Amino acid sequence: MARRTVVINNRGGVGKSDVTLRLGAALAKRGRRVGLLDFDPQGNLSRRAGWTYNEAQPQVTVSEAVQSNRVGAMRQVWTPVNWDIEYADRMRLAPAWLELENRYAEAGVPSAHLRLAKALQGADDDLDHVLIDCPPSLFHLTQMAFAAGDGVLLVTRAEIDAILGARRVREFIGEHKVGLHADDLTIDGVIVNDYEQARPRQRQQLESIRRIFGDLVWDPIIGRREIMANASNDHVPLEHAKGSQLQQAVAGFELLADTYEKRTAA
Ligand SMILES: Nc1ncnc2c1ncn2[C@@H]1O[C@H](COP(=O)(O)OP(=O)(O)O)[C@@H](O)[C@H]1O
Ligand SMILES: [Mg+2]
């Protein structure tokens, strides 16, 4: 069975989807089999991994798997990541698009929050890691992800709203994990992304992040690099993106993948 990590912040735009994608790629580069599960109806992760919804030939997505409420339904959803790079062979995408929004209305159905866990059961046995990219919300989709996950990875910027968003996630899990059937869910770490060392305010906020989350803050901190946004915009692997500081960006995620494996080892 794969190790399932829920990537989340209650604040949007902090880099959850980019970190999910680039960390997943770095893990695949190390030889791991990685599932990227897009659980945000915005579908940004799916698009950045090269996927598009085709109305003429509708694909089965995460939304239908969850709606079916059937054990193992995610088996039909995994699709290759069509990147022209060797390690993409070890990556799978479970895509999402706007349709996933319709699952919110079903939140009141008894045990609805267990549907993702059920759909993944037996459907990620041939993977080492599954990274679940959440919307910036603590409502039903994210609750399903908590019930399905083994650990939680908070992504934040060194900025007050993002830090508060990460804290709300931690408090929410503490308060509700038993009710969500996520009793064993742990916070694995905090990734600080999009960091601008030159800004005194950000240096200050980084200090508060360390004060609040202590040892949970992972190394390295990911700096703001245009090449990251370019890669996502052009839906290509980091290695094929336009812009400077490629080596630094790639090396940052290689180190982060190392931290990930150390921190999440059973
Ligand atoms: N370290 C970074 N440097 C530069 N741009 C980044 C970085 N991390 C994320 N971005 C860009 O910032 C925007 C928001 O990131 P995204 O991953 O969509 O955040 P979220 O999933 O939390 O909403 C995207 O355009 C993304 O490519
Ligand atoms: Mg996102």
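**Ligand 1 and its surroundings**

Seventeen residues surround ligand 1, and Gly13, Lys16, Asp18, Arg48 and Asn193 come nearest (a residue is near if one of its heavy atoms lies within 4 Å). The model is predicted: local features need pLDDT of at least 70, side-chain atom pairs count only at pLDDT 80 or more, and totals for chains, interfaces and linings use all residues. Residues are numbered from 1 along each chain as its sequence is written, chains are lettered from A and ligands numbered from 1 in the order in which they are written, and side-chain values use heavy atoms, without hydrogens and water.

The shell around ligand 1 holds four nonpolar, seven polar and six charged residues (Ala, Val, Leu, Ile, Met, Phe, Trp, Tyr, Cys and Pro count as nonpolar; Asp, Glu, Lys and Arg as charged; the others, Gly among them, as polar). Helix H1 (16-29) and helix H8 (226-233) each supply at least two residues of this shell (helices are DSSP runs of H or I with at least four residues, strands runs of E with at least two, numbered from the N terminus).

Polar contacts are pairs of N or O atoms within 3.5 Å. An N or O atom in the Lys16 side chain is 2.7 Å from an oxygen atom of ligand 1. A polar side-chain atom of Asp18 also lies 2.7 Å from a ligand 1 oxygen. A polar backbone atom of Arg225 is 2.9 Å from a nitrogen atom of ligand 1. The protein covers 81% of the 560 Å² of accessible area that ligand 1 has on its own (Shrake-Rupley method, 1.4 Å probe).

The chain contains nine helices and seven strands. Its C-alpha atoms fill a box of roughly 50 × 45 × 35 Å, taken along the principal axes.

Notes: A polar contact is a pair of N or O atoms within 3.5 Å; within protein, one must be able to donate a hydrogen and the other to accept it, and residues adjacent in sequence count only if both atoms are side-chain atoms.
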